[in-house]
Amino acid sequence: MNKNYYAILMAGGVGSRFWPVSTASYPKQFHDMLGAGSTLIQKTFKRLNTFIPTENILILTNERYNDLVLEQLPMVKQEQVVLEPTMRNTAPCILYASMKIKKRNPDAVMIVAPSDHWIEDEAAFAADVEQCFAKCQEEDVLCTLGIQPTFPNTGFGYIEYDNSDNNAIKKVAQFREKPDYETAKRFLKSGNFLWNAGIFIWSVRTIINAFEKFQPEQYSLFETGFDVYNTNAESSFIEEHYEKADNISIDYAILEHSKAIFVLPASFDWNDLGTWGSLYDKLEKDPEANAIVNSKVLALDASGNMIRSSKDKIVVIDGLKDYIIVDKEEVLLICPKSKEQDIKKMLGNVKNKFGDQYA
């Protein structure tokens with residue numbers, strides 16, 4: 001394995017659209033969402049570990065998930081778990097982790113990857129990433145992997161690339177916000193739009209220089225701690241300074257400003273597993289098109305449902321079509337799949353009425 005290859009594994013999200021399984025104290029990345037025998041973070045770590053050395057994979061997460069990370073990834077040392085003392089957006093945590101990597105290896109190239117994506121063709125994924133690694137080692141560019149859209153999805157941002165670029169890795173024209181349905185249809189018809197999967201590749205030198213140029217205050221805040229990174233004094237520095245960081249995403253902080261961004265259309269299958277509906281799409285179905293995790297289901301005039309319960313629990317459903325049914329100890333959720341985007345709002349209502357312990 002190449003000792004210059006690094007990864008930042010993003011594992012700090014709450015995944016509230018997967019409530020009630022995903023909660024603030026135990027988010028979706030630490031669950032075996034597909035009943036596959038491994039949690040999402042375990043699958044992602046293993047995927048990266050096929051071409052990135054174990055010790056070069058940093059897990060970026062909130063302080064409250066430290067024990068969960070170490071429990072589920074026993075091959076990881078404490079110093080590889082990069083802890084946020086308070087919730088911020090993606091830019092400050094990526095800069096913080098990049099500073100730590102720079103101190104270890106200024107020649108590093110890295111991938112920044114969410115911990116909750118589902119990718120089956122892992123060899124194709126590794127080949128795509130290494131293709132971008134090669135470009136980032138040779139040039140001062142920022143790369144991302146774009147997913148070939150299969151339908152006009154309004155839940156993803158899009159990447160528009162230069163149609164005249166015949167290279168495998170193409171120049172990005174612009175990032176586009178989540179579109180409405182008609183706009184999404186136009187994007188697909190154009191043929192030069194990709195889904196933004198939030199997977200980024202760059203050299204540590206290039207990304208830190210980009211922060212210095214486009215986010216000088218953020219850069220200065222974290223650069224003042226450079227001498228203490230990867231030492232016993234790091235945690236107290238971060239505890240004092242991290243809350244001063246701007247709450248801004250890497251998209252707005254860096255990608256919208258840089259003129260040196262390139263995208264590789266991914267050659268692998270991909271699912272962001274962002275909602276119960278996306279999980280339903282990924283799972284095998286019974287003859288009535290019900291997707292079932294853990295449960296033993298008797299479906300009577302019931303079809304198109306997403307059903308999950310505690311292991312081997314018998315679930316009897318009569319007369320429901322296209323519903324999400326999730327049974328978890330103290331919470332039972334039954335709602336139409338068409339309202340899956342409202343689950344965040346439902347969670348807020350539950351917290352207001354019954355308390356935060358159910359969130």
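This report walks through selected strands, one helix and a few unusual backbone sites in a predicted model.

## The open sheet

Four strands build an open sheet, ordered β10-β12-β14-β15. Its pairing is mixed. The edges are β10 (291-293) and β15 (331-336), each of which pairs on one side only. From one strand to the next, the twist averages 5°.

Strands β14 (residues 323-328) and β15 run antiparallel and are joined by six bridges. Within that pairing, D327 has L332 of β15 as its bridge partner.

Two residues of this sheet deserve a closer look. R308 sits in strand β12 (residues 306-308). The residue is buried but makes no salt bridge. D32 offers the nearest side chain of opposite charge, and that is 6.4 Å away. The backbone of D32 is another matter: the R308 side chain reaches its oxygen at 3.4 Å. Beyond its sequence neighbours up to four places away, R308 touches V21, D32, M33, W276, V293, N294, S295, I325, V326 and D327.

C335 belongs to edge strand β15. Is C335 buried or exposed? C335 counts as buried because its relative accessibility is 3%, and the cut-off for buried is under 20%. Setting aside neighbours within four places in sequence, C335 contacts Y323, I324, I343 and M346. C335 lies 300 residues from G35 in sequence, and their C-alpha atoms are 21 Å apart.

## Helix α1 and strand β4

Helix α1 (residues 40-49) is largely enclosed by the rest of the structure, because seven of its ten residues are buried. Those residues are L40, I41, T44, F45, R47, L48 and N49. What do the buried residues of α1 pack against? Their partners are β1 (5-10), β2 (57-62), α2 (66-72), β4 (109-114) and α4 (122-138). An α-helix has 3.6 residues a turn, so residues three or four places apart point the same way.

Strand β4, one of those partners, is mostly covered, with six of its six residues buried. V109, I111 and A113 point one way, while M110, V112 and P114 point the other. Such alternation of side chains between the two faces of the sheet is what a regular strand shows.

β4 pairs with β1 in parallel, over six bridges. In this pairing L9 stands opposite A113. β4 also runs antiparallel to strand β8 (residues 193-203), with four bridges joining them. Here V112 stands opposite F200 of β8.

## Strand β9

Strand β9 (residues 261-265) is mostly covered as well: five of its five residues are buried. On one side are I261, V263 and P265; on the other are F262 and L264.

Strand β5 (residues 142-147) pairs with β9 in the parallel sense over five bridges. C143 has F262 of β9 as its bridge partner. Strand β7 (residues 170-176) pairs with β9 in the antiparallel sense over two bridges. K170 stands opposite V263 of β9.

The table gathers the strand pairings described in this report.

| Strands | Sense | Bridges | Facing residues |
|---|---|---|---|
| β14 and β15 | antiparallel | six bridges | D327 and L332 |
| β1 and β4 | parallel | six bridges | L9 and A113 |
| β4 and β8 | antiparallel | four bridges | V112 and F200 |
| β5 and β9 | parallel | five bridges | C143 and F262 |
| β7 and β9 | antiparallel | two bridges | K170 and V263 |

## Unusual backbone sites

Most residues other than glycine have a negative phi, and most peptide bonds are trans. Some sites in this model depart from that pattern.

The peptide bond from W19 to P20 is cis, with omega near 10°. P20 lies in the loop between β1 and α1.

A289 is not a glycine, yet its phi is positive at about 65°. The loop between α10 (276-282) and β10 holds this residue. A289 is partly exposed, with a relative accessible area of 31%.

N294 also has a positive phi, of about 70°, without being a glycine. Its place is the loop between β10 and β11 (296-300). N294 is partly exposed, at a relative accessible area of 28%. N294 is also among the residues that R308 touches, which leads back to strand β12.

Notes
Residues are numbered from 1 along each chain as its sequence is written. This is a predicted model: local features need pLDDT of at least 70, side-chain atom pairs count only at pLDDT 80 or more; totals for chains, interfaces and linings use all residues. Side-chain values use heavy atoms; hydrogens and water are left out. Two strands pair if DSSP finds at least two bridges between them. Axes are lines fitted to C-alpha atoms, for helices over the stretch in contact, and angles run from 0 to 180 degrees between N-to-C directions. Buried means under 20% relative accessible area, exposed over 50%, partly exposed in between (1.4 Å probe, protein chains only). Lys and Arg count as positive and Asp and Glu as negative; His and the chain ends are not counted. A salt bridge is a side-chain nitrogen of Lys or Arg within 4 Å of a carboxyl oxygen of Asp or Glu. A polar contact is a pair of N or O atoms within 3.5 Å; within protein, one must be able to donate a hydrogen and the other to accept it, and residues adjacent in sequence count only if both atoms are side-chain atoms. Contact means heavy atoms within 4.5 Å.
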